[in-house]
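Trainee: I'm new to this structure and would love a close look at its aromatic pairs. Could you walk me through them, along with what surrounds them?

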Amino acid sequence: MKKFILGIMTIALMTSCSHKWGSTYVAGTSNLQSVKTAKTSASSDSSDSENQKIGGPVTLPQIGSRPVMYLPNATIFRMSGDYANNVAVTLSPNGELSYFPAPSDITADSKPISLGEGWWLNCQGIGPNSVFTNYTFSQYAELPQVPSTQQLKNSIIPGAKVTQFKEIPVKLIEVQRNPDLAKEYIK
């Protein structure tokens, strides 16, 4: 293994040209981190078209306004009532909160998209154990800080829960752009 890594490093050093460093972003749980990425060009005064051919800037795909490095498969769900405008939280098997968003995580892009027949495209991080709160997306997004766990538990609407949940083999970003891609999986 050490020989393999040394071989790769040697090849990289032998074939390297001048490097320009730039920043790109990786989506985190609720914040974005800046990471350094190398762009290699034949010379430091290369043109933009030359830079594109050799390894110019990479445009990251986006979900909403956030760039992402990993594109997850879409998940779809049904719920026990019309809670499409309500923020969801997820409970562990013992009833404790295991997921809840920060107000800054909630945007217009967080609302689920109707797919018909009671199915919705998950755009918020809903899971099979998610329940819905009485916070609407606009109310929650305006909060100055995350409510306490007790406030969140108290805001859960009795009986408002995910009743069916499944992952489909289509990328989330593709279904957000064209919800009809998910329709064959809701049968």
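Mentor: Happy to! Let's begin with a term: accessible area is worked out by the Shrake-Rupley method with a 1.4 Å probe, and for a residue only the protein chains shown count as cover. Worked out that way, the protein has an accessible surface of about 11,600 Å², and carbon and sulfur atoms own 54% of it. Please keep in mind that what you see is a predicted model.

Here is the setting for the rings. The protein has 187 residues, of which 32% are buried, and its secondary structure amounts to 5 helices and 11 strands. Contacts across the sequence matter for reading the picture: of those with a separation of 6 or more, 65% join residues 24 or more positions apart.

Now to the part you asked about. There are 3 aromatic pairs in the structure. One of them brings together Y83 and F132, whose ring centres lie 5.6 Å apart with 20° between the planes. Planes under 30 degrees apart count as stacked, so this pair earns that name. Try tracing the two partners along the chain: Y83 sits in the loop between strand 5 and strand 6 (86-91), while F132 belongs to strand 10 (residues 130-136). That places them 49 residues apart, so the pair links distant parts of the chain. How covered are these rings? Buried means under 20% relative accessible area, so Y83 qualifies with 17%, and F132 is buried too, with 1%.

Another pair is made by Y135 and Y140. Their ring centres are 5.3 Å apart and the planes meet at 75°, which makes the pair edge-to-face because the angle is over 60 degrees. Y135 has a relative accessibility of 16% and is buried; Y140, at 1%, is buried as well.

The stacked pair also has company: F77 joins Y83 and F132 in one aromatic cluster.

From the rings, let's step to a neighbouring stretch of sequence. T75 lies in strand 5, which covers residues 73-79. With 15% relative accessibility, T75 is buried, because that value is under the 20% limit. Its side chain has a polar partner, making a contact of 2.9 Å with the side chain of N122. Leaving aside residues up to four places away in sequence, T75 touches W120, L121, N122, F165, K166 and E167.

Finally, charged pairs make a nice contrast in kind with the rings. Side chains of opposite charge can pair when their charged atoms come close. The structure has 2 salt bridges. One runs between K153 and E96, with 3.2 Å separating the closest N and O atoms. Like the stacked rings, this pair links distant parts of the chain: K153 is in helix 4 (residues 149-154), E96 is in the loop between strand 6 and strand 7 (97-99), and they are 57 residues apart. K153 has a relative accessible area of 28% and is partly exposed, as is E96 at 41%. The salt bridge of K183 and D180 has an N to O distance of 3.3 Å, and K183 is partly exposed with 37%.

So, back to your rings: Y83, F132, Y135 and Y140 are buried, whereas K153, E96 and K183 in the salt bridges are partly exposed.

Terms used
Residues are numbered from 1 along each chain as its sequence is written. This is a predicted model: local features need pLDDT of at least 70, side-chain atom pairs count only at pLDDT 80 or more; totals for chains, interfaces and linings use all residues. Side-chain values use heavy atoms; hydrogens and water are left out. Helices (H or I, at least four residues) and strands (E, at least two) are DSSP runs, numbered from the N terminus. Buried means under 20% relative accessible area, exposed over 50%, partly exposed in between (1.4 Å probe, protein chains only). Contact means heavy atoms within 4.5 Å. A polar contact is a pair of N or O atoms within 3.5 Å; within protein, one must be able to donate a hydrogen and the other to accept it, and residues adjacent in sequence count only if both atoms are side-chain atoms. Rings of Phe, Tyr and Trp (its six-membered ring) pair if their centres lie within 6.5 Å; planes under 30 degrees apart count as stacked, over 60 as edge-to-face and the rest as tilted. A salt bridge is a side-chain nitrogen of Lys or Arg within 4 Å of a carboxyl oxygen of Asp or Glu.
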